[in-house]
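Okay, thanks for making room for me this morning. I'd like to walk you through one model, sheet by sheet, and then finish on a single loop residue.

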Amino acid sequence: MSPGTYIVQAESDEGCKEDTTVYVLPVNELQLRVEQDYFDIILGEYAPLSAKVNKTDVEFLWEPGIWLNDPLIADPVSRPVQSVIYTVTATDNNGCTKTDTVRIDISIDYDASLFIPNAFTPNNDGVNDVFYVRSNFPEALRIDYFRIFDKYNETVFDLAGLEGHENAVPEDRFFGWDGDFRGEKAEAGSYRFTISVIFPDGINRTYAGTVQLIR
Ligand SMILES: [Ca+2]
């Protein structure tokens, strides 16, 4: 029955008829819209998603449910590793649903995504004792290759020799050099390194430079 005014004829048991007016009110239909349907962000940045509805007591589901702090709320925050399109589904307490979508495009700043220190102090004081790759978004990156050489061109550290190196990520001291070489403390001085990192778009970038071992 559409919303509107209807004349209904009622009849009594005795056959008396009488018109009566019936008002059919419009159903309060669920409405959903996302506040911003497109984000263009740099890898590591956050996209604040927001779904607006015209009712209370509404459940939300964001899909795919990845890279979100919570896929079941109206206003989740996404920190995607790759470009993504989210679909949000809102369901009201009558079981009625509406959907809308948000697209997030990611661009990568390859040099700003990671940080390679230029010095370390392996004296076991808990401060800067290990030379390792730093990043503000380590789970997005993978260290593919990491070797350090002394002034005689001898390899003093090689990631490939470490267990689990296939899944090496920045920010993990295990995948770094503690300043020991063949069970001895390596001497202070300048060491060369080569590091290659795989980004979420499949790009593999190599970084080479020197690091100072300070005793
Ligand atoms: Ca130290």
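I'll start with the ground rules, then take the two sheets, the core and the loop.

So, first: this is a predicted model, where local features need pLDDT of at least 70, side-chain atom pairs count only at pLDDT 80 or more, and totals for chains, interfaces and linings use all residues. Residues are numbered from 1 along each chain as its sequence is written.

A bit of vocabulary as well. Strands, labelled E, are DSSP runs of at least two residues, numbered from the N terminus. Two strands pair if DSSP finds at least two bridges between them.

Right, the four-stranded sheet. It's open, the order is E4-E10-E9-E7, and the pairing is mixed. Which strands stand at the edges? Those are E4, residues 38-42, and E7; each has a single partner strand, so one side of each is left without a neighbour in the sheet. On average, neighbouring strands here are turned by 25° against each other, direction ignored; the axes behind that angle are lines fitted to C-alpha atoms, and angles run from 0 to 180 degrees between N-to-C directions.

Now the pairs. E4 and E10 run parallel, joined by five bridges, and Ile 42 sits opposite Ser 107 in E10. E9 (84-91) and E10 (97-107) are antiparallel, with eight bridges. Val 88 faces Asp 100 of E10 there. The hairpin of E9 and E10 has five residues between the strands, and Gly 95 takes a positive phi near 85° in it.

On to the other sheet. This one is open with five strands, in the order E11-E17-E16-E12-E13, again with mixed pairing. E11 (119-120) and E13 (155-158) are the edge strands, and since each has a single partner, one side of each has no neighbour in the sheet.

E11 pairs with E17 (204-213) in the parallel sense over two bridges. E16 and E17 go antiparallel over ten bridges. Have a look at Gln 212 in E17: Ala 119 stands opposite it, and so does Ser 190. The E16 and E17 hairpin has five residues between its strands, with Gly 202 at a positive phi near 90°. Then E12 and E13 are antiparallel over three bridges, and Phe 149 has Thr 155 in E13 as its bridge partner.

What about the largest nonpolar core, and how many residues has it? It has 33, and Ile 143 and Phe 175 have the most contacts inside it. By nonpolar core I mean a set of buried Ala, Val, Leu, Ile, Met, Phe, Trp, Tyr and Cys residues joined through C-beta atoms within 7 Å. E9, E10, E12 (142-149) and E16 (189-198) each supply at least two of its residues. Domain 1 (32-107) and domain 2 (119-213) each give at least three; those bounds come from an automatic or database domain assignment. Phe 175 touches, among others, Tyr 132, Ile 143 and Phe 146, where touching means C-beta atoms, placed from the backbone, within 7 Å.

Last stop, Val 58, in the loop between E6 (51-53) and E7 (59-63). Is it buried, exposed or partly exposed? It counts as partly exposed, because it has 18 C-beta neighbours inside 10 Å; buried takes 20 or more, exposed 12 or fewer, and partly exposed is in between. Beyond four places away in sequence, Val 58 touches Val 53, Ala 90, Thr 91 and Asp 92.

Key
Two residues are in contact if their C-beta atoms, placed from the backbone, lie within 7 Å.
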